[in-house]
Amino acid sequence: MTEVALSARRVLSLMDLTSLNDSDTDADITALCRRAVTAAGTPAAVCVYPQFVSLAKTALAALGVAEQVRVATVTNFPDGSADIAGAVQQTQAAIAAGADEVDLVFPWRALQSGDEQTGLALVSACKAACGEQLLKVIIESGALSEPALIRRASELAIEGGADFIKTSTGKVTVNATPEAAGIMLEVIRAAGGTTGFKAAGGVRTLAQAAEYLVLADRLMGPEWVTPAHFRFGASGLLTDLLRILQEPANSSESQDGY
Ligand SMILES: O=C[C@H](O)COP(=O)(O)O
């Protein structure tokens, strides 16, 4: 297998295959789950709105991949409200519906206005609501924009008990960037490297994904970069990976931009 194909397989195994469209229907989510089963393996998870968690669990079980593909959902999404009780209630409901992982939006506007306590309390309370299931905290790095705020949101999320910190909802103008990823990975490393990292929003090609892998391999070591610590949240990336994986091994085109 070529190096580029190996890289595509690696990215596939690290992906949360995502559909978070307001127009999503049961048929769309069933089709998403079917797309998760490829000749090159499966993504780590599918990520869907809370009302589709149960459907996704059933569909993945019917496809025989319930063990390999986890079901993630979103709460406090996409706005990142400062309403702690509301975020906890949504998180409890997501867990009750069967979610394996919850991607919670950090109240980043509160942090921008100097309030650190609300974010910390909201993450801690939602972590408690998750029980054994994973909590991924979306800091909305593109909206925070300033490196000091990206750093502080990452620190507060980790202090609150986040299992992963995630760049973006995919719903704002600036989503994942290598610059924000670098800051977040440095915070993770300084905190001991037990928290994971998820790059999400706007990652559409293997060439883009590879930039994050190079960064994470350099900062954390390649053995750290497994689905337990590293994910891509992406709705369109699978198309590029499958294009590359289906190309003949000697195709020079598949090396473009990589
Ligand atoms: O959490 C993942 C993002 O919502 C996906 O964003 P995307 O549609 O730009 O890939």
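**Strands 1 and 2**

I started at the barrel wall and found leucine 17 opposite valine 46 of strand 2. This is a predicted model, and I read it as such. One residue further on I looked up threonine 18, whose bridge partner in strand 2 is cysteine 47. I then took the pair of strands as a whole. Strand 1 covers residues 15-19 and strand 2 residues 45-48. They pair in the parallel sense over four bridges.

Next I asked which way the residues of strand 2 point. Ala45 and Cys47 go one way, Val46 and Val48 the other way. I noted that all of them are buried. Side chains of a regular strand alternate between the two faces of the sheet.

I also checked what covers this pair. Helix 2, residues 26-35, lies across strand 1 and strand 2. I have it running at about 160° to strand 1.

**The barrel**

How many strands close the barrel, and in what order? I traced eight, in the order 1-2-3-4-5-6-7-8, with parallel pairing. Neighbouring strands of this sheet are turned by 25° against each other on average, direction ignored. As a reminder to myself, strands of a sheet pair through backbone hydrogen bonds.

**Strand 5 and its neighbours**

I moved on to strand 5, residues 134-138. I put strand 5 down as mostly covered, with four of its five residues buried. On one side I looked at strand 4, residues 101-105. Five bridges join strand 4 to strand 5, and the two run parallel. Here leucine 104 stands opposite valine 137 of strand 5. I then turned to strand 6, residues 164-166, which three bridges join to strand 5, again parallel. In that pairing isoleucine 138 has lysine 166 of strand 6 as its bridge partner.

Just ahead of strand 5 I stopped at glutamine 133. I place glutamine 133 in the loop between helix 6 (117-130) and strand 5. Buried or partly exposed? Glutamine 133 counts as partly exposed because it has 18 C-beta neighbours inside 10 Å, and buried would take 20 or more. Leaving out residues up to four places away in sequence, I list its contacts as Ile95, Ala99, Asp100, Glu101 and Val102. I also checked glutamine 133 against cysteine 33, 100 residues apart along the chain. Their C-alpha atoms are separated by 20 Å.

**Leucine 20**

Back to the start of the barrel. Leucine 20 is in the loop between strand 1 and helix 2. I count leucine 20 as buried because 20 C-beta neighbours lie inside 10 Å. What does leucine 20 touch beyond four places in sequence? I found Cys47, Tyr49, Val74 and Gly170. Alanine 40 is 20 residues from leucine 20 along the chain, and I read 24 Å between their C-alpha atoms.

**Ligand shell**

I followed Gly170 to the ligand, where it is one of the residues that come nearest. The others in that group are Ala200, Gly233, Ala234 and Ser235, out of 13 residues around the ligand. I sorted the shell by type and got five nonpolar, eight polar and no charged residues.

**Backbone oddities**

I then went through the unusual backbone geometry. Most residues other than glycine have a negative phi, and most peptide bonds are trans.

- Phenylalanine 77 and proline 78 are joined by a cis peptide bond, with omega about 0°. I find proline 78 in the loop between strand 3 (70-75) and helix 4 (84-96).
- Glutamate 140 is not a glycine, yet I read a positive phi of about 55°. The residue lies in the loop between strand 5 and helix 7 (141-144). I call glutamate 140 buried because it has 30 C-beta neighbours inside 10 Å.
- Serine 145 also has a positive phi, about 65°, without being a glycine. I place serine 145 in the loop between helix 7 and helix 8 (147-159). Serine 145 is partly exposed, so I noted its count of 13 other C-beta atoms within 10 Å.

**Confidence**

Last, I checked the scores. The protein chain averages a pLDDT of 96, and 96% of the residues score at least 70. The model has ipTM 0.97 and pTM 0.95. Where does pLDDT stay under 50? I found residues 252-258, for which the model has eleven contacts beyond four places in sequence. Where pLDDT is low, the predicted coordinates should not be read in detail.

Notes: Residues are numbered from 1 along each chain as its sequence is written. This is a predicted model: local features need pLDDT of at least 70, side-chain atom pairs count only at pLDDT 80 or more; totals for chains, interfaces and linings use all residues. A residue is near a molecule or strand if its C-beta atom, placed from the backbone, lies within 6 Å of it. Ala, Val, Leu, Ile, Met, Phe, Trp, Tyr, Cys and Pro count as nonpolar, Asp, Glu, Lys and Arg as charged, and the others, Gly among them, as polar. Two strands pair if DSSP finds at least two bridges between them. Axes are lines fitted to C-alpha atoms, for helices over the stretch in contact, and angles run from 0 to 180 degrees between N-to-C directions. Two residues are in contact if their C-beta atoms, placed from the backbone, lie within 7 Å. A residue is buried if 20 or more other C-beta atoms lie within 10 Å of its own, exposed if 12 or fewer, and partly exposed in between; C-beta atoms are placed from the backbone. pLDDT is the predictor's confidence in each residue, from 0 to 100.
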